[in-house]
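Me: Got a minute to go through a structure with me? I'd like to start with confidence and then look at some local details.

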Amino acid sequence: LRVLLPGVQILVAFLLTAPFASRFPRLDETGRILYGVALCAGTASIVAFATPTVIHRVGDRRARSARLVWSVQLCRFGLARFGLALVAALMVVARFVFSPVTSIVVGAAVVVTILVAWVALPLVVGGRTDDV
């Protein structure tokens, strides 16, 4: 989590400054929708990644198991939103620099990469247990 939060924060910081760039007004409607998805998903990811710390600091000290369960779920939620933000932001850039078709191909390739790296690989390497 310590490694993920700064990365998401940097992505969102970039997204927050993008509208002030001189070429941003030339972004088409689909590009603006993708931009909005990236910004909202990135922000939701920051909230999800920071919430376990808040729960730990503010929550009931006797509810360790409940805090852990919530923290794991929030991490999963944050990863899903981070992945969505990455894909949408990449598609905005690819759409702007290359073409709409290229952005779809690049977005699909990154979705597949994320699914393999963040879903399939952990299941294969570490197995899965829902005992937490």
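**Confidence first**

Reply: Sure. Of the elements in the protein chain, α1 has the lowest mean pLDDT, at 81, while helix α4 (residues 100-126) has the highest, at 94. Keep in mind that this is a predicted model.

Me: And what's the mean pLDDT of the protein chain?

Reply: The mean is 87, and 92% of the residues reach 70 or more.

Me: Why care about the low spots?

Reply: Where pLDDT is low, the predicted coordinates shouldn't be read in detail.

Me: OK, on to salt bridges. How many does a search of the whole structure find?

Reply: One salt bridge turns up in the whole structure. The side chains of Asp28 and Arg95 meet there, at 2.8 Å from N to O. That pair links distant parts of the chain: Asp28 sits in the loop between α1 and α2, Arg95 is in helix α3, and they are 67 residues apart.

Me: Is Arg95 buried or exposed?

Reply: Arg95 has a relative accessible area of 16%, so it counts as buried, since the cut-off for buried is under 20%.

Me: And its partner Asp28, where does that fall?

Reply: Asp28 is partly exposed, because its relative accessible area is 34% and the partly exposed class runs between 20% and 50%.

Me: Switching to pockets. What's the volume of the second largest one?

Reply: About 230 Å³. The elements that give two or more residues to its lining are α1 (4-17) and α3 (64-97).

Me: Which element gives the largest share of that lining?

Reply: That's α3, with five residues. The lining of the second largest pocket has 13 residues in total, and Phe14, Ala18, Phe24, Val92 and Val93 lie nearest the pocket centre.

Me: How do the lining residues divide into nonpolar, polar and charged?

Reply: For the second largest pocket it's 12 nonpolar, no polar and one charged.

Me: Last topic, His56. Where does it lie?

Reply: His56 is in helix α2, which covers residues 29-58. Its relative accessibility is 33%, so His56 counts as partly exposed.

Me: Which residues is His56 in contact with, leaving aside neighbours within four places in sequence?

Reply: His56 is in contact with Arg61 and Arg67.

Me: And what separates the C-alpha atoms of His56 and Ile10?

Reply: Those C-alpha atoms are separated by 24 Å, with His56 and Ile10 being 46 residues apart along the chain.

How values were computed
Residues are numbered from 1 along each chain as its sequence is written. This is a predicted model: local features need pLDDT of at least 70, side-chain atom pairs count only at pLDDT 80 or more; totals for chains, interfaces and linings use all residues. Side-chain values use heavy atoms; hydrogens and water are left out. On a 1 Å grid over the protein atoms alone, a cavity is a set of points where a 1.4 Å probe fits but cannot get out, and a pocket is an open set with protein on both sides within 12 Å along at least five of seven lines; lining residues have an atom within 4 Å of a point. Grid points are joined across faces, edges and corners, and a volume is the space filled by probe spheres set on the points. Helices (H or I, at least four residues) and strands (E, at least two) are DSSP runs, numbered from the N terminus. Ala, Val, Leu, Ile, Met, Phe, Trp, Tyr, Cys and Pro count as nonpolar, Asp, Glu, Lys and Arg as charged, and the others, Gly among them, as polar. Buried means under 20% relative accessible area, exposed over 50%, partly exposed in between (1.4 Å probe, protein chains only). Contact means heavy atoms within 4.5 Å. A salt bridge is a side-chain nitrogen of Lys or Arg within 4 Å of a carboxyl oxygen of Asp or Glu. pLDDT is the predictor's confidence in each residue, from 0 to 100.
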